[in-house]
Structure formats: structure tokens, C-alpha cells
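User: I would like to learn how to read several features of a structural model, beginning with how accessible a residue is. Could you take me through them one at a time?

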Amino acid sequence: MADCIFCKIVKKEIPSEVLYEDEEVLAFKDINPVAPVHVLVIPKKHLISVNDLVDQDVSLIGNIFIVIKKLAAQLGIAESGFRVVTNTGPDSGQVVGHLHFHLIGGKSLGVKIG
Ligand code: 5GP
Ligand code: ZN
């Protein structure tokens with residue numbers, strides 16, 4: 001999508017601090033971190049949200065979670081713990097309309113998720 005900010009990050013038209021990249025997945029630091037570790041893991045192809053997923057995306061989503069697992073280990077939060085968040089639609093507060101998974105950790109996050 002031409003005017004999608006994360007598609008522009010995928011195309012390197014907007015700079016970001018990339019932590020992982022392969023053919024279908026990109027991971028980069030969130031510009032406004034809420035914790036010492038705050039990474040966004042996204043599919044390179046433009047999907048708006050979980051609502052856009054189809055059966056053929058099973059391996060993509062599986063691969064994204066393997067990337068999340070490996071990043072958590074590399075960033076030293078596998079044992080201390082972390083949270084993975086995917087906002088979907090208005091009630092979630094989703095701001096960027098390109099599917100993304102927040103990987104958040106490095107401090108105690110508390111129990112509140114809603
Ligand atoms: P959402 O609320 O849509 O789940 O989260 C969007 C996230 O994208 C926010 O945490 C925000 O800080 C991050 N973000 C928005 N624009 C940019 C950007 O241009 N670069 C980076 N690295 N992160 C961004
Ligand atoms: Zn996009």
C-alpha cells in the first residue's frame with residue numbers, strides 16, 4: 001500500500017532500526033518504546049490486521065512467532081518474560097493499519113492487559 005507507513009519501512013523509504021529480516025518478515029525497534037525492549041514484528045506483505053488473515057497465512061504467522069521467540073532470546077528477555085500484543089481494530093486502539101506484533105519486555109509489565 002503506497003501510503004502505509006510500515007510498507008514504507010519495509011521498502012526502506014522510512015528508516016528504522018532493523019533487528020531481523022527475511023523474505024517475508026521484518027522486525028524493527030518501535031519508535032516510541034513502552035519498555036526497555038519494544039520490537040515490532042511484521043509481515044512484509046500488506047495485511048491490515050488479524051482480520052485479513054486467510055488459511056494460506058498459516059506458515060507466515062508461524063514464522064513470525066519463531067522470529068519473536070528468537071528475538072526474545074537474543075535480546076535477553078526469554079527467561080525474564082515478555083508480552084506479545086497484536087492490536088486489531090478500533091476498540092484495541094490500533095493506530096497503524098499494517099499487521100504487527102509488539103514484542104515487549106525488559107521490565108515487569110504487570111497483570112493488566114485490558
Ligand atoms: P498500534 O497502536 O497500531 O498497535 O501500534 C503502532 C506502533 O507503531 C506504535 O507503538 C508506534 O510507536 C509505532 N510506530 C508508529 N510509527 C512508527 C515509525 O515510523 N517507526 C517505528 N519504528 N515505529 C512506529
Ligand atoms: Zn502496509
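User: How is the relative accessibility of Phe65 to be read: buried, partly exposed or exposed?

Analyst: Relative accessible area is sorted into classes, where buried means under 20% and exposed means over 50%, with partly exposed in between. In this predicted model, Phe65 has a relative accessibility of 38% and therefore counts as partly exposed. Phe101, by contrast, is at 5% and so counts as buried.

User: What is the geometry of the rings of Phe65 and Phe101?

Analyst: A pair of aromatic rings is described by the distance of the centres and the angle of the planes. Planes over 60 degrees apart count as edge-to-face; the ring centres of Phe65 and Phe101 are 5.5 Å apart and their planes stand at 75 degrees, so this pair is edge-to-face. The two residues come from distant parts of the chain, since Phe65 lies in helix H2 and Phe101 in strand S5, 36 residues apart.

User: How many aromatic pairs does a search of the whole structure find?

Analyst: The search finds two aromatic pairs. Besides the pair just described, Phe6 and Phe28 form an edge-to-face pair, with 5.4 Å from centre to centre and 80 degrees between the planes. This pair, too, links distant parts of the chain, with Phe6 in helix H1 and Phe28 in strand S2, 22 residues apart. Both Phe6 and Phe28 are buried.

User: Turning to the sheet, what is the order of its strands?

Analyst: The order of a sheet tells you which strands lie side by side, and it need not follow the numbering along the chain. Here the open sheet has five strands in the order S1-S2-S3-S5-S4, with antiparallel pairing. Strand S1 (18-21) and S4 are the edge strands, each of them pairing on one side only. From one strand to the next, the twist averages 15 degrees. Helix H2 (residues 58-74) packs on this sheet, where it touches S1, S2, S3, S4 and S5, and its direction makes about 160 degrees with that of S3.

User: Which residues stand opposite each other, and over how many bridges do S2 and S3 pair?

Analyst: Strand S2 (residues 25-29) and strand S3 (residues 37-43) pair over five bridges in the antiparallel sense. Val25 stands opposite Pro43 in S3, and Lys29 has Val39 in S3 as its bridge partner. On the other side of S2, three bridges join S1 to S2, again antiparallel, and Val18 has Phe28 in S2 as its bridge partner. S1 and S2 form a hairpin with three residues between them. As for accessibility, S2 is mostly covered, with four of its five residues buried.

User: Why is S5 described as largely enclosed by the rest of the structure?

Analyst: The reading rests on burial along the strand: five of the five residues of S5 are buried, so S5 is largely enclosed by the rest of the structure. Phe101, Leu103 and Gly105 point one way from S5, while His102 and Ile104 point the other way, and all are buried. S5 pairs with S3 in the antiparallel sense over five bridges, with Val41 standing opposite Phe101. S5 also pairs with S4, antiparallel over four bridges, and there Ile104 is the bridge partner of Arg83.

User: Which residues coordinate the zinc ion (ligand 2), and what is the geometry of the site?

Analyst: A metal site is read from its donor atoms, then from the angles among them. The zinc ion (ligand 2) is coordinated by Cys4 (SG), Cys7 (SG), His46 (ND1) and His98 (ND1), at 2.0 to 2.3 Å. The angles among the four donor atoms are 106 to 116 degrees, and the site is tetrahedral. Along the chain, the donors follow the spacing C-x2-C-x38-H-x51-H. Cys4 and His98 belong to distant parts of the chain, 94 residues apart, with Cys4 in the segment before helix H1 (5-10) and His98 in the loop between strand S4 (82-85) and strand S5 (101-105). Cys4 is buried with a relative accessible area of 7%, and His98 is buried with 0%.

User: Is Asn51 buried or exposed, and where is Asn51 found?

Analyst: Asn51 is found in the loop between S3 and H2, and with a relative accessible area of 64% it is exposed. Separation in sequence and separation in space are read independently: Asn51 and Gly89 are 38 residues apart in sequence and 8.6 Å apart in space, C-alpha to C-alpha.

Key. Residues numbered from 1 in each chain as written. Chains lettered and ligands numbered in written order. Predicted model: local features only at pLDDT ≥ 70, side-chain atom pairs only at ≥ 80, totals over all residues. Heavy atoms only, no water. Donors = N, O, S within 2.8 Å, 3.2 Å for Na, K, Ca; no water. Tetrahedral: all angles 85-135°; square planar, octahedral: opposite > 155°, others 65-115°. Buried < 20%, exposed > 50% of the residue type's maximum accessible area, 1.4 Å probe, protein only. Pairing = 2+ DSSP bridges. Axes fitted to C-alpha atoms, helices over the stretch in contact; angles between N-to-C directions. Contact = heavy atoms within 4.5 Å. Phe/Tyr/Trp six-rings, centres within 6.5 Å; stacked < 30°, edge-to-face > 60°.
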